[in-house]
Amino acid sequence: MVTEDDVQHIAELADVGINKDELGTFTSQFNAILDYFDTLDAVKGTAAAQSGLFNVLREDEVEPSLPLEDVLDNAPAQEDGFIKAPRVM
Amino acid sequence: MPARTIVFEPSDRYNAFLATCGRAEHGDGPLAGVAVAVKDNISTRGIETTCASKILKGYIPPYDAHVIGLLKEAGAAVVGKTNLDEFGMGTTTENSAFGPTLNPCDTGRVPGGSSGGSAAAVAGGMVRMALGTDTGGSIRCPAAFCGITGLKPSYGRVSRYGLIAYSNSLEQIGPLGKTVTDVSTLMSIIAGYDRHDTTSLNKPYDHTPDADIKGLKVGIPQEYFGKGVDPQVAGVVKKAICRLEELGAATVPCSIPSMEYALAAYYVTCTCEASSNLARFDGVRYGPAPDTKKSWHEAYQEVRSHAFGTEVRRRIMLGTFALSSGYYGKYYAKAQVARANIRADFNRILSEVDVIAGPTMPTIAFRLREKSDPLSMYLADILTVPANLAGIPAISVPCGKSGGMPVGLQIMGRMYEDERVIDVAYAYEQAVN
């Protein structure tokens, strides 16, 4: 069982925001879905590593990339060729 | 050689398109001048790409997805971007921020999802073929509901570069078309190696459908005709399987015990991957600008709570919860064991039979707004998610009607044997048409 406080906490961790009036519905839906997920409790053992898999890496060499203007074109707030973001500190 | 153009101004009665190119350029090649619609979670240079989300409203990709480059090289005209459930999260296309798509077979019903716009564009006769994406059935479900054909390729055969990621380990771009031949043709254009996708494999698809299925062994899993599957739908599909027998195939009853855990394993996996993938949508580099005077979390939450739809926020939260400290072992780790078991079950069965057949969806298309509870919506994906968990190819081909609505026959095959599932679908299609 998760409570409304739990759901509020998860919404904060996930940075998706949540309104007071959504909280009840989200909580009951969460409990129904998590109950269903509990069917996985009956699954035994550990997953064996899948065979035939390998890492795909490349040399760390500089390659041509998109022009700066093209990359910045979609940024809603800019200043002097930089993207403006909310303060972190 | 100067590019030519085709005029594309359909009357879009089904809200299949989010954007159309009135004059679409094209070059020469095997698809010269063929109008192809593209699901709006695939990046198209210079054409707005929204994932049917307000958080990407106005986003113009600065580059093409790999598959778009291949379409252009083949001479195809990319004529528009099609509607979907926001970020691909849904089974009806009702979760679009820009209104639902309607089913061309009955406009009171959903087209299925999440590639509902692509399926409706084909079924409604607006384009001959379209690209969709399939994370847990999102090509096959709308193909079944709209009465067309759709292929989820083997994982790794089609590059995901430029596909806006929702659940990387499950999703593939794939073709939808009116006929199996069109689906096969589009697959031959988009499959192949791409160095920009680290999961891409060098397995090009160069195949002409062959209707000879004499001696083919078809596994019929009991779970695909059991609880939750509408008996009328099951009946239509059984008849279609009899047709395969008449064509010389042999059916073999089989069982997939791990199916019991497939849906939970799927939803745990995809919500966990979504919670990570969708963290990038902060409105800073693209999308609605956050208030830069507010603190980071405050500004970020404000943007995301307004610009993400309810289902997207629900899945991000479920994934965040399932990965949070103390729960990882209970949910994500177990889901990966269940996934390995499903893969093992399919490997076992497919060592004894050539393909597996069953219904694509447990019911016909729902009425609009019929499914309002998220869990009951998730349960509708039970027959399509196993192929994504196992990575294997799966196709849906129309096989008749129930209650006046189309039913899809699903054929699943061995890993990288997309050619074979195409052949079985083609054999069926040729026999009934």
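**Note on the predicted two-chain model: rings, interface and backbone**

1. In chain B, B:Arg304 is placed over the face of B:Tyr300, 4.8 Å from the ring centre. This arrangement, like everything that follows, is read from a predicted model. A second charge over a ring occurs in chain B, where B:Lys203 lies over the face of B:Tyr416, at 4.7 Å from the ring centre.

2. Turning to contacts between rings, the count over all chains is 16 aromatic pairs. One of them is formed by B:Phe145 and B:Phe366, whose rings are 5.4 Å apart centre to centre with 85° between the planes, an edge-to-face arrangement. B:Phe145 belongs to helix 3 (residues 140–146) of chain B, while B:Phe366 sits in the loop between strand 11 (355–359) and helix 10 (374–379) of that chain, so the pair ties together parts that are 221 residues apart in sequence. Both B:Phe145 and B:Phe366 are buried.

3. A further pair in chain B is made by B:Phe281 and B:Phe308, with ring centres 6.5 Å apart and planes at 80°; since planes over 60 degrees apart count as edge-to-face, this pair is edge-to-face. The distance deserves a reader's attention, because rings pair if their centres lie within 6.5 Å, and 6.5 Å is the value given for B:Phe281 and B:Phe308. B:Phe281 lies in the loop between helix 6 (262–277) and helix 7 (296–307) of chain B, and B:Phe308 in the loop between helix 7 and helix 8 (310–322), so the pair ties together parts that are 27 residues apart in sequence. B:Phe281 and B:Phe308 are both buried, and they belong to one aromatic cluster together with B:Tyr59, B:Phe87 and B:Tyr286.

4. For the interface, chain A and chain B bury about 4500 Å² between them, and 67% of this area is on carbon and sulfur atoms. The contact draws 45 residues from chain A and 56 residues from chain B.

5. Alongside that area on carbon and sulfur, there are polar and charged links between the two chains: 15 residue pairs are in polar contact, counted with both residues at pLDDT 80 or more, and the number of salt bridges between chain A and chain B is four. In one salt bridge the side chains of A:Asp41 and B:Lys330 meet, at 3.2 Å from N to O. On the side of chain A that touches chain B, helix 1 (4–13) and helix 2 (20–37) of chain A each supply at least two residues, and the largest share, nine residues, comes from helix 2.

6. Three places in the backbone may be worth checking by eye. The peptide bond that joins B:Gly113 and B:Ser114 is cis, with omega about 10°, and B:Ser114 is located in the loop between strand 5 (77–82) and helix 2 (116–123) of chain B.

7. The other two places concern positive phi values. A:Asp15, although not a glycine, has a positive phi of about 55°; this residue is in the loop between helix 1 and helix 2 of chain A, and it counts as buried at 5% relative accessibility. B:Arg369, also a residue other than glycine, has a positive phi near 65° and is placed in the loop between strand 11 and helix 10 of chain B. Whereas A:Asp15 is buried, B:Arg369 is exposed, with a relative accessible area of 67%.

Note on methods
Residues numbered from 1 in each chain as written. Chains lettered and ligands numbered in written order. Predicted model: local features only at pLDDT ≥ 70, side-chain atom pairs only at ≥ 80, totals over all residues. Heavy atoms only, no water. Phe/Tyr/Trp six-rings, centres within 6.5 Å; stacked < 30°, edge-to-face > 60°. Helix = DSSP H or I, 4+ residues; strand = E, 2+ residues; numbered from the N terminus. Buried < 20%, exposed > 50% of the residue type's maximum accessible area, 1.4 Å probe, protein only. Lys NZ or Arg CZ within 6 Å of the ring centre and 35° of its normal. Contact = heavy atoms within 4.5 Å. Buried area = accessible area lost by both parts, 1.4 Å probe. Polar contact = N/O pair within 3.5 Å; in protein donor to acceptor, adjacent residues only side chain to side chain.
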